[in-house]
Amino acid sequence: MIAIRNPRTGLDDHRIDPLDSVTIDDLATSLRHRQPDWAARSPETRAGILRRLAEAIDRHREALAEALTIDTGRRAISIIEVDGTIRAIDRWAARAPALIASHSPDPRSSAVPGIELETRLVPYPLVGVISPWNFPLTLALIDAIPALAAGCAVIVKPSEVTPRFIGPLMQAIAEVPELPIAVIEGDGTTGAAMVAAVDFVAFTGSVTTGRQVAVAAASAFIPASLELGGKDPMIILASADPAWAARIALRASVVNTGQACQSIERLYVARQIAEPFLAALVELAEQVRLNDSDIGAGDIGPFIFAKQAAIVQAQIDDAVARGAVVHCGGTVEQRGGLYLRPTVLTEVTPEMAIMREETFGPVLPVTPFATIDEAVGLANQGAFGLSAAVLAGTAAEAEAVAVRLEAGAISINDGALTSMVADAEKSSFGSSGLGPSRMGDSGLLRFFRKQALIRQTGVALPLAAYAEDAR
């Protein structure tokens, strides 16, 4: 049994019993037996069944939202997660049949005379999903739903930090018995056993754990789709209104207490507007309310994972020791749970951990720049390349800078838009991930292998055609 901490109270008030490898193997075998019948259904039939899942989740909406609220210590985003999941299921149900049809062309003639070709999409039998704790429901199903739409069976292993939502989710799934999916409790050992039992693994989480998953997948000789961390920069050009830019930067940095891979974690602002921008940013940051006394009245909640609070505090302390200046926030507060007010830093340098490593907290390091070349160079430093943002007086001016950034998705005149837009296909650059995009059409197509049917419509060649004296 594993004790589970409540992020608002700091107390252990829940327990899970991780599945052992034998149980996981048995579950995998059962799902594999069910998968052929599921894949044999038409894409339209599978889509209809997925719509029933959306309806079932809607019926369990209150229980799911309440479990997520306890898991994460924040209510509004938990409700957004449930509603967003329903919309995502409906979106894939609407998109999948036509998408699959468009990638399953009718038989056609080959460039080789007498040969006819046909391409079939063959789903991976069993997909394993390992999801993180920051958006428990969203990221548990962001890979699972398109995999089901493709005809795969699925096992989902959410983070052991936020497992309370699994119960009501499985109750909703039980109302749609045709679906070959299981959501299981467990820790890293459980996840490792699952990787060994599946045909494709989709992982969302840290670079450190992602590398371990990649190695395990390579050892099992299965593909891995990895969505890992970020250190997202925002460049604010001189033409941007400082107060407007400060509002966007704050929201894009501290939503969900900064516990999001697409959070802005580095701010590069043109020297001409650096002073008014900083003043506006600090003023706005100081107005942000914690939800410690009333979960229904704050702007940001506690750290979901106590270990993450310690990591963030260590990065701040390291930066201060190296000369950084704290303008507001800066200290993790214990108020039952662990909270950090939005923390604005200046006098930061690229060598500091706060500028190199993923923070995953509400920290905004501000660096002035003199030229656009300097800003682009600073933004492109480091191992990550998940996403970025550029703010300017016009979209065209921002876009001219955006295309120079080494990141998979660039928000123009806004920040962290990847959290709101699911149909923009993108890659993860650098250490931020591997594999096809989970967004856009690739989010579904990655779960297929292509099988070519090559038909001889003429006369098959005899061995004599290859004889030494044939020519």
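**Warm-up.** In this predicted model, Glu347 is exposed, with a relative accessible area of 54%. Let's work out what goes with that.

**Exercise 1.** Decide whether Glu347 is buried or exposed, and say where it sits and what its phi looks like.

*Solution.*
- Step 1: Take the relative accessible area of Glu347, 54%.
- Step 2: Exposed means over 50%, so Glu347 counts as exposed.
- Step 3: Find its place: Glu347 is in the loop between strand S15 (343-346) and helix H13 (353-356).
- Step 4: Look at the backbone: phi of Glu347 is near 60°, a positive value, and the residue isn't a glycine. Most residues other than glycine have a negative phi.

**Exercise 2.** Now do Phe221: where is it, what is its phi, and is it buried or exposed?

*Solution.*
- Step 1: Phe221 belongs to the loop between helix H9 (207-220) and strand S9 (224-227).
- Step 2: Its phi is positive, about 60°, although Phe221 is not a glycine.
- Step 3: With a relative accessible area of 79%, Phe221 is exposed.

**Exercise 3.** Describe the second largest pocket: how much space lies in it, and what lines it?

*Solution.*
- Step 1: Start with the space: about 240 Å³.
- Step 2: Go to the lining, which has 16 residues; those nearest the pocket's centre are Ile100, Ser104, Arg120, Leu121 and Phe448.
- Step 3: Ask which elements give two or more residues: helix H2 (43-59) and strand S4 (115-123). S4 provides the largest share, six residues.
- Step 4: Sort the lining by class: nine nonpolar, three polar and four charged residues.

Technical notes. Residues are numbered from 1 along each chain as its sequence is written. This is a predicted model: local features need pLDDT of at least 70, side-chain atom pairs count only at pLDDT 80 or more; totals for chains, interfaces and linings use all residues. Side-chain values use heavy atoms; hydrogens and water are left out. On a 1 Å grid over the protein atoms alone, a cavity is a set of points where a 1.4 Å probe fits but cannot get out, and a pocket is an open set with protein on both sides within 12 Å along at least five of seven lines; lining residues have an atom within 4 Å of a point. Grid points are joined across faces, edges and corners, and a volume is the space filled by probe spheres set on the points. Helices (H or I, at least four residues) and strands (E, at least two) are DSSP runs, numbered from the N terminus. Ala, Val, Leu, Ile, Met, Phe, Trp, Tyr, Cys and Pro count as nonpolar, Asp, Glu, Lys and Arg as charged, and the others, Gly among them, as polar. Buried means under 20% relative accessible area, exposed over 50%, partly exposed in between (1.4 Å probe, protein chains only).
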